[in-house]
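Here is a friendly briefing to read with the structure open beside you. It goes topic by topic, so feel free to jump around.

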Amino acid sequence: MSDKIVQSAHFDYTGSKLGMWLFLFTEILLFGGLFLLYAVYRSLYAQDFHNAAQGLSTALGAINTIILLSSSLTMALSIVALRQGRIKYSIVLQTITILFGLAFLVNKYFEWSGHIHEGIYPNSPELLSRSHGEILFYGLYYVMTGLHGIHVVIGMAVIAVVLSFTARGTVSSESFNKLENAGLYWHLVDIIWIYLFPLFYLIT
Amino acid sequence: MENNFYHTPGRYSGIFGWIFSTDHKRIGLLYLGSIFTFFLCGMLLGLAMRLELIAPGRQFVSAQTYNALFTVHGVIMIFLFIIPGIPATLGNFMLPLQIGAQDVAFPRLNLMSWWFYLFGAVVVLTSLFTGGGPPDTGWTFYVPYSVRTGTNVSLAVFGVFLLGISSTLTGLNFITTIHRLRAPGMTWFRMPLFTWSLYATAWVQLLATPIIAITLLLLMVERSFSIGFFDPAKGGDPILFEHLFWIYSHPAVYIMILPAMGAITDIIPVFSRRIIFGYKAIAFSSIAIALLGYLVWGHHMFTSGMSDFSRMIFSLLTFLVAVPSGIKVFNWVASMYKGSIQLDSPMLFTLSFIFLFSIGGLTGLLQGALATNVHVHGTYFIVAHFHYVMFGGTVFAFFAALHYWYPKMFGRLMNEKLARIYWLILFTGFNILYFPMFILGWQGMPRRYYDYLPNYHTGHLISTIGSWILATGVLLMFFNFFRSLSRGEKAGDNPWNGATLEWQTTSPPPTENFESTPEVTKGPYTFR
């Protein structure tokens, strides 16, 4: 116990948060490159983008949005639970968050396989027969949602690690910054989707 | 046994005590060893290129091999040597010492950055010997050629991607360290200017590198799935790749030069025994260079196809970058005015830095002007300019800093007499190697060409002879470096009488850097 107190006296909470926020900046910039491509090609091929977006299912997109928003809620609640010392409740909420992430990916899988089944995937004969703007729209769709999907997987892995720390007691009501940082990362994953959803599904 | 970080037992012993160490000093030296190795690799490739160009026609390599040579020379020198060059080696070692901290903010992340660096380096080197052979695109990986070529571009690009992660995490670490771990009394304006330059660099590393990461990812995706983002046949735009590439790669130039300028700024007051002139101006000019550096990428693309209006804006902004750079040069010179200058080896390298960097910088303005740019774009003039800034600038500053901080890192002095000899060899060889390139370029010799017309022969011949002289100097320096590790004269804690915090502890420092947390009461260049 005394060892823990010494550790927490040396531990820089603000520094850990600062580092995490800086990291989130880099993630936003990473996606920024793709948003830049989207902006350029949307302005070049506005009509094609409009037509292509008709092919995406708003319902599936909306379901995934609801799933991710709910997962952000359970994530935030798990932090509150941990800080109140309700370890078991926090563990349950973290597990639910991971399951939400999984549900998102399953939904995404069916959505992608639907498109691939229709013959719409990068460099497919069907897609190449379409207009330039539609080729680029679906290219962006696969790359952006794909990269986002990878981030969902990373986020789930991070939460799973923190979950095991919570079970072992290394993450606790006194030392919760790891869970908070995992939460920040998860919210980032969420917020990127919040931008992807309207760009691909809503504005047609 | 002496109390220094070499002798403190850690969790692991032997080699594992190094490669799994989270001590910023050990990690700094790990980086130093790595970049020395890659510098020598890059230098050998450069020598091979110069040898091929000694006379018109084929000498000893094929055109394809030559393409691979200049690509790999560029990739190694830029991504493996010069970008991690000063910040990850000397920065890692000196930053916590200069601000009176025990370590960086995230020591384990720091170690992870080195592993990312090493892993990236291994991937890059693997790409040379596997698949379709070494990449032949030039270090800029321009599409469409980089998408079409059968050489091993994807793997090389993935390696560079990993190196980018390493660089980003180092930047993140340094920013947090400077914000959170300054010793009591170490206010922002008492920080040494090397630390200031690392701070500005770290922001560029953090905010620019993700752009190259996504660009390279897109290139890999294009090569694997042919989506068509950069393929006009599918509606894409190859120029967009150039934009994305230079949005990172121009700021990257400042990742290379800013810490070099910072090291120079720390050395000049010590060897002039005088306070730095214009402390705040130098600190803010680092920040200004970092900011403006983001806005000038278009000047790499003046001939690529861009509206006249954008070209004028980019040209104007390019000229603006010269202002903070000029502020630094004038302040360095003013700091030496009426000082009692000691021409020890760090100072010799520093002075030659100012000279060479000024040539490199001023010829940069020539290219920033739209009319001359069209004339010199893609010629040896660019090659000369780039090497004057990067080799004459950053690498000479790196050498200066190595000689300056050597006693701090190893507790011994490098042989001063030998250092002066090879300084002269390096300086002479450098100018013989690169100055003819200005003339060749002005006469119209295109860069990256395997062969050339006979009327360029003299310039190329002189240049190749210069490359041998320069390489001799480099080898002598390495000889001195490694020989002095064991044979060098004992340096004592503060051989140059520096006033910054790193000189106030023992040499080499103990693992925890200072016996007790230092209390800072005065500025970094206050000599008595």
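Which residues form a nonpolar patch on the surface? They are A:L99, A:L102, A:V106, A:Y109 and A:F110, and together they have about 540 Å² of accessible area. Please keep in mind that this is a predicted model. The points below start with chain A as a whole, then turn to one of its helices, the patch, the salt bridges and some notable backbone spots in both chains.

**Chain A as a whole**

- Chain A is built with 8 helices and 0 strands, so to speak an α-α-α-α-α-α-α-α run when read from the N terminus.
- The C-alpha trace of chain A spans about 70 × 30 × 25 Å along its principal axes.
- Chain A has 204 residues, and 49% of them count as buried.
- Among the contacts in chain A with a separation of 6 or more, 83% are between residues 24 or more positions apart.
- The area that chain A exposes is about 9,400 Å², and 70% of it is supplied by carbon and sulfur atoms.

**Helix α8 of chain A**

- Helix α8 of chain A covers residues 177–202, which makes 26 residues.
- From its first C-alpha to its last, α8(A) reaches 36 Å, close to the 38 Å expected at 1.5 Å a residue.
- There is a bend of about 25° in α8(A) at A:L196, and the proline A:P198 follows within four residues.
- Because 19 of its 26 residues are buried, α8(A) is largely enclosed by the rest of the structure.

**Around the nonpolar patch**

- One of the patch residues, A:V106, lies in helix α5 of chain A, which runs over residues 87–117.
- A:V106 counts as partly exposed because its relative accessibility is 41%, and the partly exposed class lies between 20% and 50%.

**Salt bridges in chain A**

- Over all chains, the structure holds 10 salt bridges.
- A:E111 and A:K108 form one salt bridge, with their closest N and O atoms 3.0 Å apart.
- These two residues, A:E111 and A:K108, are 3 residues apart in helix α5 of chain A, so about one helical turn separates them.
- Both A:E111 and A:K108 are buried.
- A network of salt bridges links A:K17, A:R83 and A:E180.

**Salt bridges in chain B**

- B:D344 forms a salt bridge with B:R420, and the closest N and O atoms are 3.3 Å apart.
- This pair links distant parts of the chain, with the two positions 76 residues apart: B:D344 is in the loop between α10 (308–336) and α11 (345–368) of chain B, while B:R420 is in helix α14 (residues 416–443) of chain B.
- Is each partner buried or partly exposed? B:D344 counts as buried because its relative accessibility is 18%, whereas B:R420 has a relative accessible area of 38% and is therefore partly exposed.
- B:R420 also forms a salt bridge with B:E416, where the closest N and O atoms are 3.0 Å apart.
- Since B:R420 and B:E416 are 4 residues apart in helix α14 of chain B, they are separated by about one helical turn.

**Cis peptide bonds in chain B**

- The peptide bond from B:V143 to B:P144 is cis, and its omega is near -5°.
- B:P144 sits in the loop between α4 (107–129) and α5 (145–148) of chain B.
- B:S507 and B:P508 are also joined by a cis peptide bond, with omega about -15°.
- B:P508 is in the segment after α15 (457–487) of chain B.

**Positive phi at residues that are not glycine**

- Where is A:N123 found? A:N123 is in the loop between α5 and α6 (125–128) of chain A.
- A:N123 is not a glycine, yet it has a positive phi of about 65°.
- With a relative accessibility of 35%, A:N123 counts as partly exposed.
- B:S226 is not a glycine either, and its phi is positive at about 45°.
- B:S226 lies in the loop between α7 (193–225) and α8 (238–272) of chain B.
- B:S226 has a relative accessible area of 25%, so it is partly exposed.

Methods
Residues numbered from 1 in each chain as written. Chains lettered and ligands numbered in written order. Predicted model: local features only at pLDDT ≥ 70, side-chain atom pairs only at ≥ 80, totals over all residues. Heavy atoms only, no water. Expected span 1.5 Å × (residues − 1). Bend = angle between axes of the 7 residues up to and from the residue. Buried < 20%, exposed > 50% of the residue type's maximum accessible area, 1.4 Å probe, protein only. Patch = residues over 30% accessible without salt bridge, like charges linked within 9 Å, V, L, I, M, F, W, Y side chains within 5 Å. Areas by Shrake-Rupley, 256 points an atom, 1.4 Å probe, with all protein chains shown as cover. Salt bridge = Lys/Arg side-chain N within 4 Å of Asp/Glu carboxyl O. Contact = heavy atoms within 4.5 Å.
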